[in-house]
Amino acid sequence: MKKNVVYQTEITGMTADGNGVCRIENIAVFVPMTAVGDILEVRIVKVLKSYAFGIIEKLITPADGRISPVCPVFRQCGGCAFQHIDHSTELSYKENFVRDAFTRIGKLQPVFEPILGSDSRYYYRNKAQYPIAEQDGHLVCGFYAKHSHRVIPYTACHLQPEIFTEILNHLLPALEHCHISAYDETSHTGELRHIYLRKGFYSGEIMLCLISRVSVRKKIKSLLPEIQKKFPAVISITESVNPQKTNVILGNSVAVLAGQNFITDTMCGKKIRISPQSFYQVNTQQAEKLYQIAKEYAAFQGSETLLDLYCGAGTIGLSMADSVKSLIGVEVIPEAVENAIQNAKLNQITNAEFFCGDAGTIADSLLKKNLSPDVIVLDPPRKGCDDLTIQSVIKMQPSRIVMISCNPSTAARDAAKFAASGYLTKKVRAVNLFMCTSHCETVLLLTRE
Ligand code: SAH
């Protein structure tokens, strides 16, 4: 197989990162922005040892479920893998990713409950972090082109709240007026790196955080009252200085420039305060459904001790606190733990306690203090749980473990480790939180045999 050669073929599968798969000359070729069933001509763009990458040269017969993408920059942007297919097709792909992960990686045979979709496909995100660049003498922001850090200026993403576009379109010229320069990654010079916005889905409160290499506080001082006047929902304006050469967006600390350092939203009927550093599910409405399923899986009787590992601002545990005797949450980000403690107070929840630290280390120390939770909720980051966490959880002998994960592959890997110690995965349900993208959330119930 050679680069630039064009083949006629059919897309027969879909990878979990959203590439269509076809077989040409007996090797797998991955083609983005395709759909299973497409008959097409594929131009080979990269050949590796056992697989290759191609792009659509000509779509001959489109598969069922194809639709026109709504976004003009769909092809350049790396954000949406599935804007060109309808929601039910997207759901069937994601259901397959999850099923495939648990049967193939996990070698497990749980009951797969039907994936939970969403009524609305666009404008669902409550958070966006826009990289900044300077183009033709102007400050621009948008998104990185696929596999690169080249900024494509675009402020009207169909997944973000529309007010973010208004704020950006006002803010960029205003920042320019204050002589703010864009950070340049290559030379590690310039000032503004990212504009980070978050909006409470129910409260409408907005947080604006400027991430810069060096502080821009003095330069933009006069701008702040004007932003607050024009956008009264912006009740938190902060700055995070990040002087490092890194892909990590936020710096080590966040300082208030105007207003407060948090916004408050509602989730599962509970008031939730969130700081810029705290994790908060980007799709509030779908996250509420996800947490509701997790609660059903946990099947509380009322007398349980619940351990919520990787608890963030406490959202999951607090949504369950009324149904258990006591709640213990563990989280590594100090600001998130502060939020969680405050969130318990805001909701008059008195049976909750939160610890700041590594999930495995704290779980191990709780185990040594003879804590034996009845139910453990695990909601790790993409890389999944480490072995200390898994082993500590197993030794605590909870009767049920509910795992929530944004990465079906690591969830399946971890579920297999639990299975080896007698915790079988009983049911698995995919929940679509990230419409139009290839990402998928999964919730699973493990019980002790
Ligand atoms: N359960 C929360 C947060 C889930 S995201 C919610 O639903 O909102 C995963 C969380 O794990 C993040 O808050 C992250 O800061 C935290 N985290 C990452 N590594 C960790 C570790 N080693 N120990 C404890 N928490 C960790």
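Here is a walk through this structure, from its domains down to a single buried residue. Keep in mind that you are looking at a predicted model.

Let's start with the overall layout. The protein splits into domain 1 (6-66), domain 2 (90-120 + 283-448) and domain 3 (127-263). Note that domain 2 is written as two stretches of the chain, 90-120 and 283-448. If you put a point at the C-alpha centre of domain 1 and another at that of domain 3, the two sit 37 Å apart.

Now turn to the N-terminal strands. Here six strands make up an open sheet with mixed pairing, and going across it you meet β1, β5, β6, β4, β3 and β2 in that order. The edges belong to β1 (6-10) and β2 (13-14); each has a single partner strand, so one side of each has no neighbour in the sheet. For β1, look at β5 (residues 39-47): the two run antiparallel and are held by five bridges. To find your place in that pair, pick out T9, which faces L40 in β5.

Next, jump to the other end of the chain and find strand β23 (residues 441-448). Is this strand mostly covered or not? Seven of its eight residues are buried, so to speak tucked away. Strand β21 (residues 400-405) joins β23 through six bridges, running antiparallel. β22 also pairs with β23 in the antiparallel sense, this time over eight bridges. V443 is a handy landmark here, as it is the bridge partner of I404 and also of R429.

R429 brings us to a cavity, since it is one of the residues lining the largest one. By the rule used, there is one cavity of 30 Å³ or more, and the largest has a volume of about 40 Å³. Around it you will find E95, V98, R99, F112, E113, V428, R429 and A430. The elements that give two or more residues to this lining are α1 (87-105), β7 (111-116) and β22 (423-431). What kinds of residue make up the lining of the largest cavity? Four are nonpolar and four are charged, with no polar ones.

Last stop: N339, which you will find in helix α7 (residues 334-346). Why is N339 called buried? Its relative accessible area is 4%, and the cut-off for buried is under 20%, so N339 qualifies. Setting aside neighbours within four places in sequence, N339 is in contact with R273, I274, S275, S278 and A313.

Methods. Residues are numbered from 1 along each chain as its sequence is written. This is a predicted model: local features need pLDDT of at least 70, side-chain atom pairs count only at pLDDT 80 or more; totals for chains, interfaces and linings use all residues. Side-chain values use heavy atoms; hydrogens and water are left out. Helices (H or I, at least four residues) and strands (E, at least two) are DSSP runs, numbered from the N terminus. Buried means under 20% relative accessible area, exposed over 50%, partly exposed in between (1.4 Å probe, protein chains only). Contact means heavy atoms within 4.5 Å. Domain bounds come from an automatic or database domain assignment. On a 1 Å grid over the protein atoms alone, a cavity is a set of points where a 1.4 Å probe fits but cannot get out, and a pocket is an open set with protein on both sides within 12 Å along at least five of seven lines; lining residues have an atom within 4 Å of a point. Grid points are joined across faces, edges and corners, and a volume is the space filled by probe spheres set on the points. Ala, Val, Leu, Ile, Met, Phe, Trp, Tyr, Cys and Pro count as nonpolar, Asp, Glu, Lys and Arg as charged, and the others, Gly among them, as polar. Two strands pair if DSSP finds at least two bridges between them.
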